[in-house]
Amino acid sequence: MTSSPDLFTARGLCKRYGRVTVLKDCDVAIRGGEIHALLGANGAGKSTLVRMMAGLLEPTAGSMQLDSNDYAPNSKRDAEIAGVEIVQQELNLIATLSVAENLMLARLPSIGGVIRRGPLKDRSRAALDRVGLNDVPVDTPVAKLGVGKQQMVEIAAALDRKCRILILDEPTAALSAAESATLFRWLNKLRDAGVGIVYISHRLDEVAQLADRITVLRDGQKIGTFDATECSTDRMVELMSGDGGSDDSALHPSRRQVDTVLRVDALTGGLVDRVSFDVNRGERLGIAGLVGSGRTELLRLIFGADVATSGNVYLRDDATAYRFRHPRQAVAAGIAMVTEDRKDNGLLLSKSIQFNTTLASLRHRFATTGMVRGRIERSATQTQCDQLDIRCHTINQSVGTLSGGNQQKVAIAKWLVRDADVFLFDEPTRGIDVAARRRIYRLIDTLAKDGKGVVIVSSDLEELLETCDRIAVMSAGRLMETFERNDWSHDQIMQAAFSGYRNQETGA
């Protein structure tokens with residue numbers, strides 16, 4: 001493929017917060033008509049770099065050029081006018097507005113201040129169809145969509161605007177395989193049309209499939225820019241981490257104990273229809289399925305975030321039947337849940353790492369006669385930061401200033417401090433780099449060794465195949481089949497994932 005000259009260049013870019021430098025003397029060039037992958041561990045400086053490109057952060061030093069002209073956007077809007085679009089890892093949709101209103105928010109068709117609903121609907125329908133969201137009504141409130149479809153709506157909005165540079169930060173983290181394939185087709189079309197695409201992803205197989213060139217950052221500094229053909233996935237990991245890899249010997253099951261720690265009996269509510277399963281102490285049960293199959297909804301019913309209309313939950317050897325009406329009831333009973341959407345449901349971004357890490361345990365572990373024992377609280381927080389390698393300057397740093405992957409680690413740390421008998425993980429490695437992903441896998445393995453019951457929902461089937469003892473497959477709201485380790489295959493699981501929808505079509 002013949003590449004265009006450099007469309008965007010940055011020279012000597014730096015970003016400092018007080019005495020702390022998070023990006024140092026970074027040079028990068030993006031060509032028109034290329035997909036340029038930006039790789040690095042969480043906290044390496046990737047998001048800082050692209051946020052400066054998109055007008056969301058002001059560089060402390062350095063300069064940028066777009067088409068050989070000086071480029072210094074003061075806002076995201078300035079960048080969009082210049083043709084630089086960004087879709088961030090954290091969603092920026094307005095939940096109370098419709099899909100159409102979110103898609104066209106800055107470009108609502110109107111006359112005399114009155115929105116023209118017909119053109120709005122037509123333009124929105126075309127934008128959604130472009131990314132394969134043919135089944136999403138444009139007047140649906142965004143809040144009613146799952147995270148995967150919300151991500152596709154945000155991508156659809158960016159693709160609908162004419163842009164010269166398109167920045168995508170972990171765009172497939174919440175997408176199904178089919179949605180990802182549709183996105184890849186459109187990215188290739190945009191590249192062929194001369195758009196420069198900056199692609200951030202921790203899914204190295206995607207990078208190998210899509211990228212023309214790769215720039216690697218480590219600890220706020222550029223390591224180098226490479227042709228994608230020069231970099232195997234092992235080489236990418238080595239460049240990001242600075243070493244030859246990690247020991248994965250602790251990742252392989254199984255050490256299952258015999259007594260049951262969680263039993264779900266005919267649980268029903270919303271999308272979920274009469275789901276039953278159990279989890280033994282020391283067992284990791286994966287829940288696979290397509291986006292919209294009811295996986296997240298099932299965990300929410302178990303945890304009391306949504307209220308079941310029928311069915312029960314049983315814990316340990318207790319015969320007590322639970323149907324939780326609020327998460328605090330589930331937490332008190334010994335259940336912890338790491339949510340899919342850490343921004344809205346998992347963390348208080350304006351608060352400190354310490355505040356978030358100990359919030360669920362204040363009365364349980366750190367308060368005596370109404371007084372918080374600050375020294376013990378700080379010690380517990382620091383222990384989690386060290387154990388999970390949370391990259392921060394201080395535990396008093398606000399969680400909102402961390403990279404997405406480090407935010408995810410804090411969301412997990414909160415429940416490790418609280419402790420529980422059952423851990424529910426919804427997309428636990430979403431937005432986490434390769435090294436941190438291995439750390440989370442080893443952490444889950446440790447929980448199982450300690451006799452906890454672990455339930456893992458993931459859109460990444462390979463992740464479930466690697467980490468779980470059994471995999472239960474959801475389809476169209478029902479649990480279709482459960483597979484044992486050493487008695488499963490990728491094809492069997494995918495067949496089960498589609499089976500509920502085929503049954504609907506045939507009336508079975």
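## Helix α9 and what follows

Helices here are DSSP runs of H or I with at least four residues, numbered from the N terminus. Keep in mind that this is a predicted model. With that in hand, take α9, which covers residues 295-303. Right after α9 comes G304, and its phi is positive, near 80°.

How many of the nine residues of α9 are buried? Seven of them are, so the helix is largely enclosed by the rest of the structure. The buried residues are R295, T296, L298, L299, L301, I302 and F303. Buried means under 20% relative accessible area, so each of these residues falls below that cut-off.

## Strand β9 and its neighbours

Strand β9 runs over residues 165-169, and five of its five residues are buried, so this strand too is largely enclosed by the rest of the structure. Both of its faces are covered. On one side you'll find I165, I167 and D169, and on the other L166 and L168.

What does β9 pair with? Strand β6 (residues 84-87) runs parallel to it, and four bridges join the two. Within that pairing, V84 stands opposite I165. Strand β10 (residues 196-200) also runs parallel to β9, joined by five bridges. There, I167 has V198 as its bridge partner. To get from β9 to β10, look at helix α6 (residues 177-192): β9, α6 and β10 together make a right-handed β-α-β unit.

## Salt bridges across the chain

The salt bridge count comes to 29. One of them joins R161 and E85, whose closest N and O atoms are 2.9 Å apart. This pair links distant parts of the chain: R161 sits in the loop between α5 (147-160) and β9, while E85 belongs to strand β6, and 76 residues separate them. Is E85 buried or exposed? Its relative accessibility is 2%, so E85 counts as buried.

R191 and D212 also meet through their side chains, at 3.1 Å from N to O. R191 is in helix α6 and D212 is in the loop between α7 (204-210) and β11 (213-218), so the salt bridge ties together parts that are 21 residues apart in sequence. R191 counts as buried as well, with a relative accessibility of 14%.

Then there's R281 with D259, again a salt bridge, with the closest N and O atoms 2.9 Å apart. The pair reaches from one loop to another: R281 lies between β14 (272-280) and β15 (284-288), D259 lies between α8 (233-241) and β13 (260-269), and the two are 22 residues apart. D259 is partly exposed, at 25% relative accessibility.

## Around R391

Some salt bridges join up into a network, and one such network links D219, D389, R391 and R439. R391 turns up again in a polar contact: the side chain of N406 reaches the backbone nitrogen of R391 at 2.9 Å. N406 is part of helix α15 (residues 404-418). What is the relative accessibility of N406? At 1%, N406 counts as buried.

## Close in space, apart in sequence

Two C-alpha pairs are worth a look if you're scanning a contact map. V147 is in helix α5, and its relative accessibility of 10% puts it among the buried residues. V147 is 27 residues from A174 in sequence, but their C-alpha atoms are 6.4 Å apart in space.

The other pair is D205 with T233, which are 28 residues apart in sequence and 7.2 Å apart in space, C-alpha to C-alpha. D205 lies in helix α7. Unlike V147, which is buried, D205 counts as exposed, at 55% relative accessibility.

## A nonpolar patch on the surface

Which residues make the nonpolar surface patch of about 230 Å²? They are L348, F355 and L359. L348 comes from the loop between α11 (342-346) and α12 (353-358).

L348 has a relative accessible area of 41%, which makes it partly exposed. Patches take residues with over 30% relative accessible area and no salt bridge, so at 41% L348 is above that area cut-off.

Conventions: Residues numbered from 1 in each chain as written. Predicted model: local features only at pLDDT ≥ 70, side-chain atom pairs only at ≥ 80, totals over all residues. Heavy atoms only, no water. Patch = residues over 30% accessible without salt bridge, like charges linked within 9 Å, V, L, I, M, F, W, Y side chains within 5 Å. Areas by Shrake-Rupley, 256 points an atom, 1.4 Å probe, with all protein chains shown as cover. Salt bridge = Lys/Arg side-chain N within 4 Å of Asp/Glu carboxyl O. Buried < 20%, exposed > 50% of the residue type's maximum accessible area, 1.4 Å probe, protein only. Pairing = 2+ DSSP bridges. Right-handed = clockwise from strand over helix to strand, strands pointing away. Polar contact = N/O pair within 3.5 Å; in protein donor to acceptor, adjacent residues only side chain to side chain.
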